[in-house]
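Let's take a walk through this protein together, going from its open space to its packed interior and then to its strands. Please have the view ready to rotate as you read.

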Amino acid sequence: MGRLIKQIQVFLSVVMCFFFIKASSQITKDQLKEIKKVLPVENVVVHANKKVYLAGETLYYKFYSLTESNKLSDVSNVGYAQLIGVNNNLLFEHKLSLENGMSSGDFFMPSNIRSGNYKLIGYTKWMNNNVISPFFITDIYVINPFTLNSSFFEEDLNNIKRTVRISKNNNVINSLENKINKISLETEKESYSTRSQVCVNIKAKWVELYSGNYSLSIRQIDSLKLDQDERVNENKKEVDGFYLPEIRSEIISGKVFYKKDGVVAADKIVTLTIPGENYVFKNVKTNKVGFFNFNLYEHYKDGEVLIQLQEADRREYNIVLDSKSFSTRIDLKFNKVGLDINMKSWLLKQSVYRQIENAYAKSKKDSVLAKSSDDLFYGLPSLTYVLDDYKRFSTVRETFVEVIQNAAIRESKEGYRFRVNAFMEFKNSSFKDYDPLVLVDGYLIQDNADIIDFDCDKIESVSLVRGIYFSGPVIYNGVLDFKTKKIDFKPLQSSEGAVVFNLHAPLLSKQYYHPNYTVENESLKRIPDYRTQLLWVPNLELKKENNTIEFYTSDVIGDFEIVLEGYSANGDYIKFKRVIQVTN
């Protein structure tokens, strides 16, 4: 363990040194290319549950961050997935918390989505430094039966100039046997009735396969055939810049400049706040080139982020954040899609299924595996005053006089100052004249008039932390934490020396819906079941030689494919299939 920690420390030291050298403009592009060659490479692979989707269906995917030997990477703790259409139309951008180099997500194809070719892209920030493969990319095709026009359908697809031709292939193989005997997928029989239980026995004969991680997809074979012309090469652009690895967590970084002359501002305190019920509060200091970065390892929800300078002359500075937008650095080429006219009846049938399924979506919800909220950064408060437990006073000043003990408000020439009494006062303490940290719903209060004149009836509680408190590079003489009833406080002058932007939280893990048609479960009998995706298990570990997975068929008849896909502990890509039939 000690050796591993030492290697990580050396790796981080090298990364940070190169970053600051580049920030100081002391390194050429050619030198940067040579540096990237010696740093560890990270690659991303994204497995989707299929290639062609209809509006109203859900794209499920598994995200892998891998080393050069295809073993799970521990460099990045955050991954990103996107679905991009023509004209860089972004359908979704997911931020993923990686655990042991893996994560998963899903996206519902809306009713207004355009038919055509899309690109599913996956990457990590560290992967952006790769010279050859800075991201993963694969083609996805979407058909929207509700918006199709005649130009998509052709009598003879061979007579038109289309990059991709989608047609029905009725020659379905009823069973697929694995030629390699490392893993086998076995079922009790090959044919099942609707709404019946299926047990899949997954046998892994080698121990290194047990510790692998896989996705398991069980879905109807739609028998769609993709006839694709020779792919047009996508022109890669030169990798520009250097990206810090998000080893611990998501990184938000930037620089501070003087407004008057644009010179970088060193040794300035920068504060980040994500307000709310369980807010996030952080302090950092800019380095010699004005650079700062925050590591967001806390759990947070989608919302507004405020980054501001914690300086008396904060109006004299500008904060410029590093761009968080992702550029593919290649010219994306989207295939033109043509549909066989014989698909019309099949599309109509499938669109009816999708509409029925979506009509009953409320009764078939997935379960979100919510993460427990982090404790507040200062831990437990010394005292908390819930103001409804006391006689209410109209002003904050009166409340501090009559209710709040061990804290006070003092008026001076400079304005109002809060004070939190320490457990023990030291006359010669160098910290005795330090101000406390004052927060309202997580917002930093730098002008105490913002809270002194605030309507006290809106405040639910006041918490105190007594004693000297260190928050990053800043020392406070105590903490005063105000919480409003509606968590809706807004500082009056938050725009001075500040940047405000919206931040999306990482996706939460899900337990995907699948019914249990037991005799006792009578409530499901009257609910139609036209699922074509019978089961999706994105994070399947084989704990032993024999592993059993159970699921139920739906009201849809046809051939269904069981697909196990992933990577073994040795980095071997594994994909095994089996087909079962569902009949009336």
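What volume does the largest pocket have? In this predicted model, the largest pocket has a volume of about 1,000 Å³. Its lining is made up of 40 residues, and those that lie nearest the centre of the pocket are Y300, K301, H504, A505 and P506. Three elements give two or more residues to this lining: β4 (78–85), β5 (89–97) and β31 (498–503). The largest share comes from β5, with four residues. If you colour the lining by class, you will find 16 nonpolar residues alongside 12 polar and 12 charged ones.

Keep β4 and β5 in view, as they also bring us to the interior. Both give two or more residues to the largest nonpolar core, as do β1 (43–48), β3 (58–66), β6 (102–108), β7 (116–123) and β8 (136–143). This core has 34 residues, and the ones with the most contacts inside it are V46, Y61, L83, F92, M109, Y123 and I140. F92 is a good place to zoom in. Leaving aside residues up to four places away in sequence, F92 touches Y61, A81, Q82, L83, F107 and L120. Two of these partners, Y61 and L83, are themselves on the list of residues with the most contacts inside the core. There is also a second, separate core of 26 residues, with V396, I451, F454 and L464 among them.

Now turn to strand β13 (residues 197–204). Is this strand largely enclosed or largely open? Six of its eight residues are buried, that is, under 20% relative accessible area, so β13 is largely enclosed by the rest of the structure. Its pairings can be followed on the model. Strand β11 (residues 183–187) runs antiparallel to β13, and five bridges join the two. Strand β34 (residues 546–552) is also antiparallel to β13, joined to it by seven bridges. N201 is a handy marker for both pairings: E186 stands opposite N201, and N201 in turn stands opposite T548 in β34.

Finally, step back to the whole chain. The protein has six helices and 36 strands. Of its 584 residues, 48% are buried. How far apart in sequence are the residues that meet? Among contacts between residues at least 6 apart, 75% join residues at least 24 apart.

Terms used: Residues numbered from 1 in each chain as written. Predicted model: local features only at pLDDT ≥ 70, side-chain atom pairs only at ≥ 80, totals over all residues. Heavy atoms only, no water. 1 Å grid on protein atoms, 1.4 Å probe; cavity = no way out; pocket = protein on both sides within 12 Å on 5 of 7 lines; lining within 4 Å. Points joined across faces, edges and corners; volume = space filled by probe spheres on them. Nonpolar A, V, L, I, M, F, W, Y, C, P; charged D, E, K, R; others polar. Core = buried A, V, L, I, M, F, W, Y, C linked by side-chain atoms within 4.5 Å. Buried < 20%, exposed > 50% of the residue type's maximum accessible area, 1.4 Å probe, protein only. Contact = heavy atoms within 4.5 Å. Pairing = 2+ DSSP bridges.
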